[in-house]
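Trainee: I'm new to this one. Could you take me through a single part, the place where the two chains meet, and walk me around it slowly?

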Amino acid sequence: MNSLENIANQLASRAFGDTNMFDYPDVLAELTLADVLAAGQALVRDDGVAILHLLPETEASK
Amino acid sequence: MDDTTKRYADAGETLRRVTLPNGLRLQIVVKPEYHKTYAVFTTNFGAVDDQVRLQADAQPVVVPAGTAHFLEHKLFDKADYDAFDLFGASGASANAFTSATNTNYLFSTTRNVMKNVEILLDFVQDPYFTDATVAKEQGIIGQEIQMYDDDPNWQAYTSLLADMYPGHPLSQDIAGTVDSISHITPAILRTMHQAFYHPQNMVLTVVGNFDADELIRVVSANQAGKVTAPAPQARITHDDYDVSVVQPYSVKRLDIVRPKGYVGIKGSAPITADRAGLRQELATRLFLELIFGDSGHTYTDWYDQGVIDDTFGYEFNVGRGYNFTVFSGDATDPNRMTNAIMAALRNYRANPDVNVDRLARIIKASLASTLPR
């Protein structure tokens, strides 16, 4: 993506929050492996998971 | 008029923010080294916003699925012209898109920036809806929806969202259904336009080669001519972090050759719109990249073993009232693929890719792709 277009769209997508894409370098510089693993820990759960398998039609399912 | 400029040293960028007396906000980034200018006019209104309370103690107005997207299409269409043609005549190309929480109208141009900004503001803020044009659009969007319905990836994605968010607007396609849009009327479009296209609920972002002071003068003059009543809207947001309603497993049969596997993980807690929220969002993205990025062992091993192919990918989405992760890809054995994803998530602590050096490389690459210089 063209960088101007990228900047415009990213700024627009966060226009209603308190941060924007120009905060990324600062925030990324602060993040440690421990922060990243804590975020992973919050993500990894057995509840709230939906698994979907999409299979070809069989003669019976058509 | 509120007017502030902030220099972001680490990003090497300067952002000027202006709030006009009617509440419209501007985000301005001047880039004199470029030829082009991009402008995006955004309303904080998208597909999940299917209810609005027009007065404090009134019953909510509930609108059909697909209303925000329908409104986006209809705004281009005026009594005797099409907004696309106005941009074309002024040397700009225009586009628009509706997401779950926003609707965006944009143009890019190398000339006549101010003229095109006026066209953008005017066509979005000055709606024209009649029974005949709404009926015509129902046909056009109906065909668009049938095209989506024929796309197995789209169908699967929508169905995975429905498994995670049953009964929530996210479970519906952004465009709605042929049936839901058949209930859209000019009155519904006018109501939602008045409620959510109020200047207080909108932001104009302009990035590129132009004079910022001139832009502010032109937008101020344009907005001063528009009398706006106080914003009538009280948004009703359907926050959904309830993991107990998630459908854990489903199978769909479609007219495809190669099977596909999907894993969705519904966020169980809000991610705030402040800096702490941004930290959490970016930390989550880095976690996913550490484990599942195509530069890591997991991806390479799975690829070599035929568990996944190069269609494998993941995304992390954060919106007003929800957040979720989706893994997807084609697979000879989708059960093997989704089991491998779940095992990699459970055993992340033992993954050799989880280390400080790899994290540093990923952060560097991520900066290079989001802020190219």
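Mentor: Here is a walk along the meeting place of the two chains, with a few stops inside chain B afterwards.

Some ground rules before we start. This is a predicted model, in which local features need pLDDT of at least 70 and side-chain atom pairs count only at pLDDT 80 or more, while totals for chains, interfaces and linings use all residues. Residues are numbered from 1 along each chain as its sequence is written, chains are lettered from A and ligands numbered from 1 in the order in which they are written, and side-chain values use heavy atoms, with hydrogens and water left out.

Let's begin with the interface as a whole. On chain A, 54 residues are in contact with 88 residues of chain B, where contact means heavy atoms within 4.5 Å. Between them the chains bury about 6,600 Å², 66% of it on carbon and sulfur atoms; that buried area is the accessible area (1.4 Å probe) that two parts lose on being put together, summed over both. The rule also finds 29 residue pairs in polar contact across the interface, both residues at pLDDT 80 or more. A polar contact is a pair of N or O atoms within 3.5 Å; within protein, one must be able to donate a hydrogen and the other to accept it, and residues adjacent in sequence count only if both atoms are side-chain atoms.

Which elements of chain A give two or more residues to the side that touches chain B? They are helix H1 (3-13), helix H2 (24-30), helix H3 (33-43) and strand E1 (49-56). Helices (H or I, at least four residues) and strands (E, at least two) are DSSP runs, numbered from the N terminus. H1(A) brings the largest share, 11 residues. Sorted by class, this side of chain A has 27 nonpolar, 16 polar and 11 charged residues. Here Ala, Val, Leu, Ile, Met, Phe, Trp, Tyr, Cys and Pro count as nonpolar, Asp, Glu, Lys and Arg as charged, and the others, Gly among them, as polar.

Now for the charges. Side chains of opposite charge can pair when their charged atoms come close. A salt bridge is a side-chain nitrogen of Lys or Arg within 4 Å of a carboxyl oxygen of Asp or Glu. There are 17 salt bridges over all chains, and the count between chain A and chain B is 5.

Look at Arg275(B). Its side chain meets that of Asp26(A) at 3.1 Å, N to O, and that of Glu30(A) at 2.7 Å, N to O. The Glu30(A) pair crosses from helix H2 of chain A to helix H9 (residues 275-292) of chain B. Glu30(A) is partly exposed at 34% relative accessible area, and Arg275(B) is partly exposed too, at 29%. For these words, buried means under 20% relative accessible area, exposed over 50%, and partly exposed in between (1.4 Å probe, protein chains only).

Also on H9(B), Arg279(B) forms a salt bridge with Asp35(A), with the closest N and O atoms 3.0 Å apart. That pair crosses between chains as well, reaching helix H3 of chain A. Arg279(B) counts as partly exposed at 26%, as does Asp35(A) at 24%. Put together, Asp26(A), Glu30(A), Asp35(A), Arg275(B) and Arg279(B) are linked in a network of salt bridges.

The chains meet through strands, too. E1(A) runs parallel to strand E11 (residues 249-254) of chain B, joined by 6 bridges; two strands pair if DSSP finds at least two bridges between them. Leu52(A), for one, has Ser250(B) as its bridge partner.

Moving into chain B, try strand E8 (residues 103-109), where 7 of its 7 residues are buried. Strand E4 (residues 37-43) runs antiparallel to E8(B), with 7 bridges, and Val40(B) has Leu106(B) as its bridge partner. Strand E7 (residues 92-98) also pairs with E8(B) in the antiparallel sense over 7 bridges. E7(B) and E8(B) form a hairpin with 4 residues between them.

Last stop: Tyr322(B), in strand E14 (residues 322-330) of chain B. Tyr322(B) is buried, at 6% relative accessible area. Tyr322(B) and Pro270(B) are 52 residues apart in sequence and 6.5 Å apart in space, C-alpha to C-alpha.
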